[in-house]
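Colleague: Could you take a close look at one residue for me, and then show me how the rest of the chain is arranged? A connected walk-through would be lovely.

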Amino acid sequence: MGSAPVRAGEIVVYNVDGRDIPIVHRVIQVHQDRDSGEVAILTKGDNNEYDDRGLYAEDQMWLDREHIMGRSVGFLPYFGWATILMTERPFLKFILLGVLALLVIISD
């Protein structure tokens, strides 16, 4: 991810132990230990009432820098719903792939 510091307000992509799919949420708090330089990060989805501690690994209260995979450079409103639906209902992936395959066949 580089050496640039993570700041509150940024949108980051992170992954935690036990989850297969990365999560894209906003950083709401950053704490850095002055002595060790270690950083503790707290995130929250913009439309969520509570912070993401319920999404982190068991007994995990903060993210570390190594959990952060990247930063957002743009956004597509509501696009996350598509990934959530395809994860919760795998048959939707096959429907989408079928539609895309038909479009490729028809365009030839």
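**A close look at Phe75**

Modeller: Gladly! Phe75 has a relative accessibility of 69%, so this residue counts as exposed, the cut-off being over 50%. Please keep in mind that we are looking at a predicted model. Phe75 sits in the loop that links strand E4 (68-71) to helix H1. If you go 21 residues along the chain from Phe75, you reach Leu96, and the C-alpha atoms of these two residues are 22 Å apart.

Let's step back to the chain that holds this loop. Two helices and four strands make up its secondary structure, and from the N terminus their order is β-β-β-β-α-α. The radius of gyration is 17 Å, whereas the globule rule gives 13 Å for 108 residues; the chain is therefore more spread out than a compact globule. Along the principal axes, its C-alpha atoms occupy a box of roughly 60 × 30 × 25 Å. Of the 108 residues, 19% are buried. As for contacts between residues at least 6 apart in sequence, 41% of them connect residues at least 24 apart.

Now for the inside. In soluble globular proteins, nonpolar side chains tend to be buried together. Here, the largest nonpolar core has twelve residues: Val6, Val12, Tyr14, Val16, Ile23, Val27, Val39, Ile41, Leu42, Tyr56, Leu63 and Ile68. At least two of them come from each of strand E1 (11-14), E2 and strand E3 (39-44), and E3 contributes the most, namely three. One member to click on is Leu63: leaving aside residues up to four places away in sequence, Leu63 touches Tyr14, Val16, Val39, Ala40, Ile41, Thr43, Tyr56 and Ile68.

Finally, follow the loop of Phe75 on into H1, and you come to the pocket. The largest pocket has a volume of about 1,300 Å³. Its lining counts 27 residues, with Val24, His25, Gly80, Trp81 and Ile84 the closest to the centre. Strand E2 (23-32) and helix H1 (79-88) are each the source of at least two lining residues, and H1 gives the most, with seven. By type, the lining holds 13 nonpolar, nine polar and five charged residues. E2 thus has a part in both places, supplying at least two residues to the core and at least two to the pocket lining.

Definitions and conventions:
Residues numbered from 1 in each chain as written. Predicted model: local features only at pLDDT ≥ 70, side-chain atom pairs only at ≥ 80, totals over all residues. Heavy atoms only, no water. 1 Å grid on protein atoms, 1.4 Å probe; cavity = no way out; pocket = protein on both sides within 12 Å on 5 of 7 lines; lining within 4 Å. Points joined across faces, edges and corners; volume = space filled by probe spheres on them. Nonpolar A, V, L, I, M, F, W, Y, C, P; charged D, E, K, R; others polar. Core = buried A, V, L, I, M, F, W, Y, C linked by side-chain atoms within 4.5 Å. Buried < 20%, exposed > 50% of the residue type's maximum accessible area, 1.4 Å probe, protein only. Contact = heavy atoms within 4.5 Å. Rg over C-alpha atoms; globule rule 2.2 N^0.38 Å.
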